[in-house]
Amino acid sequence: GCNPYAQTGRSKLQSQRVTLNQQIIKAMRLRAGAENLLRATDNSKVRETVLLELSFVNSNLQLLKEELEGLNSSVEVYQNEKAALCFPLIPLGLKETKEVDFVTSLRDFIEEHYGEDPAEYEDEILDLMDLRQVRTHIVGELCWLFHVQGRPVPAIQREASVL
């Protein structure tokens, strides 16, 4: 079953962020209070103590901000480590396809569904085909580059090469 009290990695990370943000807010309030006291006092002994405290608060605030930055840049919690261990990558050869001409299909679609003359959209259809050709060529070169380097092709490029 599902345990509603069980914390996921993401919720634990969010809880840590909340705690750090609360500590940062507290430190910023302490700093603001120390700065106000520093401006308000003329007593050299108090000023010395406040400056020491202000130095401590500033260094603590810097450490908290660095820790929060580390949590924000953490991506391990979003990676499914178990799945990566269970499913090894299998290198596959590149797939080559024939060139597909969508011009006739697009003309028929415009005429059937919109009841308009497809000749009015000839330039746009040709622009679309040119863009598709350029995109397919670039993705093909990227896939070939990954293949030559012996690296697996990222999923985004594999899926995009289908278009």
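1. How many residues does α2 have, and how far does α2 reach from its first C-alpha to its last? In this predicted model, α2 has 29 residues and spans 41 Å between those two atoms, which is close to the 42 Å expected at 1.5 Å a residue. The helix α1 can be read in the same manner, since α1 has 32 residues and reaches 47 Å from its first C-alpha to its last, close to the 46 Å expected at 1.5 Å a residue.

2. For orientation, the protein chain contains 6 helices and 0 strands, and its pattern along the sequence reads α-α-α-α-α-α. Of the 163 residues in the protein chain, 17% are buried. The chain exposes about 13,400 Å², and carbon and sulfur atoms supply 58% of that area. Among contacts between residues at least 6 apart in sequence, 59% join residues at least 24 apart.

3. The pairing of α1 with α2 deserves attention. The buried residues of α1 are Leu13, Arg17, Leu20, Ile24, Ala27, Ala34 and Leu38, and what covers them includes α2. In α2, the buried residues are Val50, Leu54, Val57, Leu61, Leu64, Leu68 and Leu71, and these pack against α1.

4. The largest nonpolar core is made of 8 residues, namely Leu13, Leu20, Ile24, Ala27, Leu61, Leu64, Leu68 and Leu71. Both α1 (9–40) and α2 (44–72) supply at least two residues each to this core. One of its members, Ala27, touches Val57, Leu61 and Leu64 when residues up to four places away in sequence are not counted.

5. Between these two helices, the loop that joins α1 and α2 holds Thr41. Is Thr41 buried or exposed? Thr41 has a relative accessible area of 12%, and because buried means under 20%, Thr41 falls in the buried class. Not counting residues up to four places away in sequence, Thr41 touches Val46 and Arg47. At the start of α2, a side-chain oxygen of Asn43 comes to within 2.9 Å of the backbone nitrogen of Lys45.

6. Further along the chain, the salt-bridge count comes to 1. The pair consists of Arg107 and Glu122, whose side chains meet at 2.5 Å, N to O. Arg107 lies in helix α4 (residues 103–114) and Glu122 in helix α5 (residues 122–149), so the salt bridge ties together parts that are 15 residues apart in sequence. As general background, side chains of opposite charge can pair when their charged atoms come close. Which accessibility class applies to Arg107? Arg107 counts as partly exposed at 30% relative accessibility, and Glu122 is likewise partly exposed, with a relative accessible area of 21%.

7. Helix α4 is also the place of Ile110, a residue that is buried with a relative accessible area of 13%. Which residues is Ile110 in contact with, leaving aside its neighbours within four places in sequence? Ile110 is in contact with Gly115, Glu116, Pro118, Tyr121 and Ile125. For one of these, Tyr121, the C-alpha atom is separated from that of Ile110 by 8.7 Å, and the two residues are 11 apart along the chain.

Notes: Residues are numbered from 1 along each chain as its sequence is written. This is a predicted model: local features need pLDDT of at least 70, side-chain atom pairs count only at pLDDT 80 or more; totals for chains, interfaces and linings use all residues. Side-chain values use heavy atoms; hydrogens and water are left out. A nonpolar core is a set of buried Ala, Val, Leu, Ile, Met, Phe, Trp, Tyr and Cys residues joined through side-chain atoms within 4.5 Å. Buried means under 20% relative accessible area, exposed over 50%, partly exposed in between (1.4 Å probe, protein chains only). Helices (H or I, at least four residues) and strands (E, at least two) are DSSP runs, numbered from the N terminus. Contact means heavy atoms within 4.5 Å. The expected span of a helix is 1.5 Å times one less than its number of residues. A salt bridge is a side-chain nitrogen of Lys or Arg within 4 Å of a carboxyl oxygen of Asp or Glu. A polar contact is a pair of N or O atoms within 3.5 Å; within protein, one must be able to donate a hydrogen and the other to accept it, and residues adjacent in sequence count only if both atoms are side-chain atoms. Accessible areas come from the Shrake-Rupley method with a 1.4 Å probe; for residues, only the protein chains shown count as cover.
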